[in-house]
Amino acid sequence: MRICIVGHKDADSVMSQCVAAFGLWVLEAVSTEDLEYVPYFYTDPTLIKEFQDVRYDRIYLLDTSFTPETVGWLQYFASIAAKVIWIDHHEPSTKIPNGDIPGNVTVVLGTTCSAAMLTWKFFFPELAIPRAVWLVSDYDTWTHSDPTSKALSAAIMDEEDLTFANEKLRAVLSRSPVDAEAVLLDMIKDGKALLRKRVTLDADRRRLGLFYADLTDEHGTVPVVALMGGGNSDTFDKFINTHVCVMFKYETDGEKMVWKYSLYSGNDYHCGNHCLGRGGGGHAGAAGFSSTKFLFDNVRPVPPEDM
Ligand SMILES: [Mn+2]
C-alpha cells in the first residue's frame, strides 16, 4: 500500500493532512511507512515534478482551491494513482467544468466549513468534531467566535517549526481527549507567543518607512510624522503624544484615484478641524480627508534615534 497526502502549509491544510493520516491509521491500519506527505505552496508550479511518475494506490489532495493548475494536477494524479480524493471548501471549486475531472477522482466539496472539518466528516461521518478541528475551522472560515482559534492557527503555521506543529497535531488527533486537550492548550500558548512576536516584528518593519514632512496645501502647513499604508494610531505609538501623525494611501474613489489621508493626534492638536478645512472630517484625535494631490513637502526619514 502506498498513499500520498498532498496539501499546502496553512493551518487548515495541515490539520486536514493530520486528520487524513489519523483516519487512515484508525480505519485502515495504514502504517506510517506507507504514508507520504507532499507539501506545496499555492504559487508553486513545480508540484507535479515532485512525483516523478511514482505509482500510488491513493492520493489525497486537501484544501486546494480550483484553478487551471488544480485541474492539471488532478488529471496527473489520476494517471499515477488508482484513486484520487480531492477535498476542498473554496468557492471557485463548485464551478469546475464538467468533464475536466477524471473518473477515478472522488470530489468532496462543501463551502460552509473548513477543509479540515470536511476531511473529518469524510473519514468519520458519525463522530463528533474534535476541538482541534473545530478551532482551526473557526479561524479558517473567518467566524472567529473563539479567541483561541487565532493563536492555535498561528502555532500550526509557524514556518520555523512546521514539523513540530505537525507532530503535535498528530498527537492531538491520536491521543485520549484529556491528553489532546493538554497538547492543544500548549499549542495555543505557543501561538499566542508567536502572535506577539509577529506584531512586534511588524511594528519594527513599519517604523522603517516613517518620515517627517510638512503637510501643505492652500489651507496651511502642518509638520507631521507619516507612513504610507494601512494601519491605525497604534503604528505611531512613539509619536502620537508629540506629533500630528498621518497614515496615507492611494486608492480609487469611485472613478478617480485619490490620496486618502488619516490624521491622528494624542495631544491637543485638533485633527477634525484641520480635515474639515480640506473637505474631510472627524474628531480631535482622529480625522481624515481625501485629495487628488500628494501633499507632503520637505520629506526626510525619521532617524533611528527618534524611534
Ligand atoms: Mn482552508
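Begin by selecting helix 4 and helix 5, which are roughly perpendicular to each other, because the axes of the two cross at roughly 100 degrees, a value between 65 and 115. The model on the screen is a predicted one, and in it the axes of helix 4 and helix 5, the latter spanning residues 148-156, come within 8 Å. To see where the two helices meet, show the side chains of Leu-135, Val-136, Asp-138 and Tyr-139 on helix 4, and then those of Thr-148, Ser-149, Lys-150, Leu-152 and Ser-153 on helix 5. Coloured by class, this contact shows four nonpolar, three polar and two charged residues.

Keep helix 4 selected, and consider how far its residues are covered. Helix 4 is mostly covered, with eight of its ten residues buried, and these are Ala-132, Val-133, Leu-135, Val-136, Ser-137, Asp-138, Tyr-139 and Asp-140. Moving on along the chain, select Trp-142, which follows helix 4 and has a positive phi, near 60 degrees.

Next, add helix 1, residues 11-28, to the view together with helix 4, residues 131-140; the axes of these two helices come within 9 Å and cross at roughly 155 degrees. That angle makes helix 1 roughly antiparallel to helix 4, and the crossing by which helix 1 passes helix 4 is left-handed. On the side of helix 1, the residues to pick out in this contact are Ala-11, Asp-12, Met-15 and Val-19, while helix 4 contributes Ala-132, Val-133, Val-136, Tyr-139 and Asp-140. Seven of the residues in the contact of helix 1 with helix 4 are nonpolar and two are charged, with no polar residue among them.

From here, turn to the nonpolar interior. In soluble globular proteins, nonpolar side chains tend to be buried together. The largest nonpolar core in this model has 51 residues, and the members that touch the most others are Met-15 and Leu-61. Helix 1 supplies the largest share of this core, nine residues. Centre the view on Leu-61 and, leaving aside its neighbours within four places in sequence, look for the residues in contact with Leu-61, namely Val-6, Trp-73, Leu-74, Phe-77, Val-84 and Trp-86.

As a last stop, select Leu-227, Phe-248, Cys-275 and Ala-287, which are among the 21 residues of another core that lies apart from the largest one.

Key
Residues are numbered from 1 along each chain as its sequence is written. This is a predicted model: local features need pLDDT of at least 70, side-chain atom pairs count only at pLDDT 80 or more; totals for chains, interfaces and linings use all residues. Axes are lines fitted to C-alpha atoms, for helices over the stretch in contact, and angles run from 0 to 180 degrees between N-to-C directions. Helices (H or I, at least four residues) and strands (E, at least two) are DSSP runs, numbered from the N terminus. Angles under 35 degrees count as roughly parallel, over 145 as roughly antiparallel, 65 to 115 as roughly perpendicular and the rest as oblique. A crossing is left-handed if the near helix is turned anticlockwise from the far one by less than a right angle, and right-handed if clockwise. Two residues are in contact if their C-beta atoms, placed from the backbone, lie within 7 Å. Ala, Val, Leu, Ile, Met, Phe, Trp, Tyr, Cys and Pro count as nonpolar, Asp, Glu, Lys and Arg as charged, and the others, Gly among them, as polar. A nonpolar core is a set of buried Ala, Val, Leu, Ile, Met, Phe, Trp, Tyr and Cys residues joined through C-beta atoms within 7 Å. A residue is buried if 20 or more other C-beta atoms lie within 10 Å of its own, exposed if 12 or fewer, and partly exposed in between; C-beta atoms are placed from the backbone.
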